[in-house]
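Colleague: I should like to go through the terms used for this model and hear the reasoning behind each one. Could the relevant criterion be set beside each value?

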Amino acid sequence: MDGCSHRVVVNGSMSAWRSVKSGVPQGSVLGPVLFNIFINDMDSEIECTLSKFADDTKLSGAVDMPEGWVVIQRDLDRLENWACVNLMRFNKAMCKVLHLGRGNSWYRYRLGDEGTESSPAEKDLGAEVREKLDMSQPCVLAAQKANHILGCIPSSIASGSREGILSVCSGETTPVFLHPALEPTAHGAVAVGPEEATKMVRGLEHLSCEERLRELGLFSLEKRRLRRDLFSFSPALRPL
């Protein structure tokens with residue numbers, strides 16, 4: 001984007017023009033490809049495992065002896081040197097160290113001249129990973145989010161009609177029941193499913209959970225989990 005300028009427009013008011021120092025046009029066809037080519041050699045000579053997700057980079061390594069600290073720190077120095085050579089920089093304020101395993105000595109690493117902070121939990125691709133690999137707290141948070149979503153349905157559809165509830169909880173669009181917060185995670189099950197939401201349908205309050213699901217043509221959370229697992233292990237079973 002060399003030679004380009006931009007300005008911001010808010011409610012009809014425009015800022016002054018400013019020169020664009022770096023970047024690529026958003027939404028371009030070649031932008032992602034060129035970016036991947038540009039950072040392709042980032043892991044050159046890296047000894048640990050380096051994972052790259054768009055603009056996020058994760059370095060991981062096993063430390064069972066003091067030499068392991070040296071290897072990780074050496075790789076961090078190589079990454080910082082790569083960034084300097086390629087006129088880029090890491091957002092060091094967002095760089096955290098997550099120590100996994102019992103008895104970890106919490107060695108303090110640095111990125112360039114700055115030390116990196118240690119964190120007991122960090123989000124990795126949307127999932128919270130904790131130092132003890134305990135998923136109980138993320139499951140509790142997911143259940144709270146699911147209950148919040150379910151609580152919004154009655155205020156949105158006051159009639160409680162079967163058509164209204166089903167239009168929100170199933171249909172051609174992504175069902176509320178299939179919301180990630182309502183589904184069991186890979187590490188534990190969230191105890192919220194269609195069984196709870198079917199209680200909102202007027203006229204079915206006197207029926208049992210199984211009868212409500214049968215009446216509405218819905219699957220239970222247990223059956224849907226089994227169905228998802230079958231699709232995961234047998235891609236040929238997935239509906240077109």
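Modeller: Let us begin with the cysteines. A disulfide is a pair of cysteine sulfur atoms within 2.5 Å. The structure, which is a predicted model, holds zero disulfides.

Colleague: Why is C48 called buried or exposed, as the case may be?

Modeller: Buried means under 20% relative accessible area. C48 has a relative accessibility of 15%, so C48 counts as buried.

Colleague: What makes C95 buried, partly exposed or exposed?

Modeller: The class between under 20% and over 50% is partly exposed. C95 has a relative accessible area of 22%, and therefore C95 is partly exposed. C95 is also among the residues that lie nearest the centre of the largest pocket, together with T57, K58, L59 and K96.

Colleague: How large is that pocket, and which elements line the pocket?

Modeller: The volume of the largest pocket is about 1,600 Å³. Elements that give two or more residues to its lining are strand 5 (49–53), strand 6 (56–60), helix 2 (66–85), strand 7 (96–97) and strand 11 (121–124). The lining has 46 residues, and helix 2 supplies the largest share, six residues.

Colleague: Why is the contact between E47 and R74 called a salt bridge?

Modeller: The criterion is a side-chain nitrogen of Lys or Arg within 4 Å of a carboxyl oxygen of Asp or Glu. The closest N and O atoms of E47 and R74 are 3.0 Å apart, so the pair forms a salt bridge. This pair links distant parts of the chain, with E47 in the loop between helix 1 and strand 5 and R74 in helix 2, 27 residues apart. E47 is partly exposed at 44% relative accessibility, and R74 is partly exposed at 34%.

Colleague: What makes the contact between R78 and D75 a salt bridge, and how are the two residues placed in helix 2?

Modeller: The N to O value for R78 and D75 is 3.2 Å, and the limit is 4 Å, so the side chains meet in a salt bridge. Because R78 and D75 are three residues apart in helix 2, about one helical turn separates them. D75 has 0% relative accessibility and the buried class is under 20%, so D75 counts as buried. R78, at 26%, is partly exposed.

Colleague: Which residues are linked in a network of salt bridges?

Modeller: The network links E47, R74, D75 and R78. In the structure the count of salt bridges comes to seven.

Colleague: How do you know that K96 and E117 meet in a salt bridge?

Modeller: Their N to O value is 3.1 Å against a limit of 4 Å, and therefore the side chains of K96 and E117 meet in a salt bridge. K96 belongs to strand 7 and E117 to strand 10 (residues 117–118), so placed that the pair links distant parts of the chain, 21 residues apart. K96 counts as partly exposed at 36% relative accessibility, as does E117 at 47%.

Colleague: Why is I37 assigned to its exposure class, and to which surface patch does I37 belong?

Modeller: Exposed means over 50% relative accessible area. I37 has 58%, and therefore I37 is exposed. I37 is in helix 1 (residues 31–38). With V29, L30, V33 and L34, I37 makes a nonpolar surface patch of about 530 Å².

Colleague: What makes Y109 buried or exposed, and where does Y109 lie?

Modeller: Y109 has 6% relative accessibility, and the buried class is under 20%, so Y109 counts as buried. Y109 lies in the loop between strand 7 and strand 8 (110–111). Y109 and W69 are 40 residues apart in sequence and 8.2 Å apart in space, C-alpha to C-alpha.

Colleague: What is the phi value of E45, and what is the phi value of L87?

Modeller: E45 has a positive phi of about 70 degrees although E45 is not a glycine. For L87, likewise a residue other than glycine, phi is near 55 degrees, a positive value. E45 is in the loop between helix 1 and strand 5, and L87 is in the loop between helix 2 and strand 7.

Colleague: Why are E45 and L87 placed in their exposure classes?

Modeller: The exposed class is over 50% relative accessible area. E45 has 62%, so E45 is exposed. L87 has 80% relative accessibility, and therefore L87 counts as exposed.

Key:
Residues numbered from 1 in each chain as written. Heavy atoms only, no water. Buried < 20%, exposed > 50% of the residue type's maximum accessible area, 1.4 Å probe, protein only. Patch = residues over 30% accessible without salt bridge, like charges linked within 9 Å, V, L, I, M, F, W, Y side chains within 5 Å. Areas by Shrake-Rupley, 256 points an atom, 1.4 Å probe, with all protein chains shown as cover. Helix = DSSP H or I, 4+ residues; strand = E, 2+ residues; numbered from the N terminus. 1 Å grid on protein atoms, 1.4 Å probe; cavity = no way out; pocket = protein on both sides within 12 Å on 5 of 7 lines; lining within 4 Å. Points joined across faces, edges and corners; volume = space filled by probe spheres on them.
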